[in-house]
Amino acid sequence: MTTVPHTLLPRPFTCNDIHVGTRLYAVLVQYAATYPGKSIFYGDLLDRARTMFPEDQAVGRAVPVGIGMKLLFVEAFCRENGYPNLACLAVNKGKERPGGGFTGDWLQQMREVPAFDWSAAQPVLDAYVTRSIKAATPLGKPAKQVMDSG
């Protein structure tokens with residue numbers, strides 16, 4: 001398995017990046033199992049997230065042009081845990097490739113994602129989310145309040 005190259009973040013993750021990124025992770029895991037080796041356009045990924053999480057207002061407000069940091073959150077989680085880059089499935093509709101921030105061998109990563117057993121990754125993601133929220137939450141403001149304001 002190739003390792004996910006380190007991508008420099010344009011800014012720290014926000015609680016919204018973490019929250020929506022976690023939802024996109026769930027959609028991408030399901031998509032990889034259902035359509036192995038196939039990519040998904042950013043807009044279609046968000047549509048699937050809205051269908052999977054219909055009550056989630058932050059997901060409802062998400063737009064393709066703002067999806068980059070959410071996918072970088074997924075990529076950072078994968079990199080930190082030695083998993084294939086699940087975010088590689090999401091691509092720009094015009095280019096049919098990942099956005100400019102993507103690094104690494106895209107086709108190789110596309111093969112690795114569906115071959116990986118994602119079933120044990122959820123508790124690892126949950127712990128990563130908890131750590132990430134603590135790092136992103138402004139002092140004095142409860143994380144739940146930050147997440148709810150999304």
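Contact here means heavy atoms within 4.5 Å. The model is predicted, so local features need pLDDT of at least 70 and side-chain atom pairs count only at pLDDT 80 or more, while totals for chains, interfaces and linings use all residues. Residues are numbered from 1 along each chain as its sequence is written, and side-chain values use heavy atoms, with hydrogens and water left out.

**Exercise 1. Find the surroundings of S39: which residues does S39 touch, not counting those up to four places away in sequence?**

Step 1: Locate the residue. S39 sits in the loop between α1 (15–34) and β1 (40–41); helices (H or I, at least four residues) and strands (E, at least two) are DSSP runs, numbered from the N terminus.

Step 2: List the contacts. With residues up to four places away in sequence set aside, S39 touches Y31, L89, V91, W106 and M110.

Step 3: Check the exposure. S39 has a relative accessible area of 28% and is partly exposed. On this scale, buried means under 20% relative accessible area, exposed over 50%, and partly exposed in between (1.4 Å probe, protein chains only).

**Exercise 2. Examine helix α1: how many of its 20 residues are buried?**

Step 1: Look at its span. From first C-alpha to last, α1 reaches 29 Å, close to the 28 Å expected at 1.5 Å a residue; the expected span is 1.5 Å times one less than the number of residues.

Step 2: Count the buried residues. In α1, 14 of the 20 residues are buried, so the helix is largely enclosed by the rest of the structure. C15 is buried too, at 4%.

**Exercise 3. Explain why C88 has no bond to the closest cysteine sulfur.**

Step 1: Set the rule. A disulfide is a pair of cysteine sulfur atoms within 2.5 Å.

Step 2: Apply it. The closest cysteine sulfur to that of C88 is in C78, and at 8.7 Å this is too far for a bond. By this rule the count is 0 disulfides.

**Exercise 4. Follow the salt bridge between D56 and R23: which parts does the pair tie together?**

Step 1: Use the cut-off. A salt bridge is a side-chain nitrogen of Lys or Arg within 4 Å of a carboxyl oxygen of Asp or Glu.

Step 2: Read the distance. The side chains of D56 and R23 meet at 2.8 Å, N to O.

Step 3: Place the partners. D56 lies in the loop between α2 (42–52) and α3 (57–61) and R23 in helix α1, so the pair ties together parts that are 33 residues apart in sequence.

Step 4: Compare exposure. D56 is buried at 10%, whereas R23 is partly exposed at 26%.
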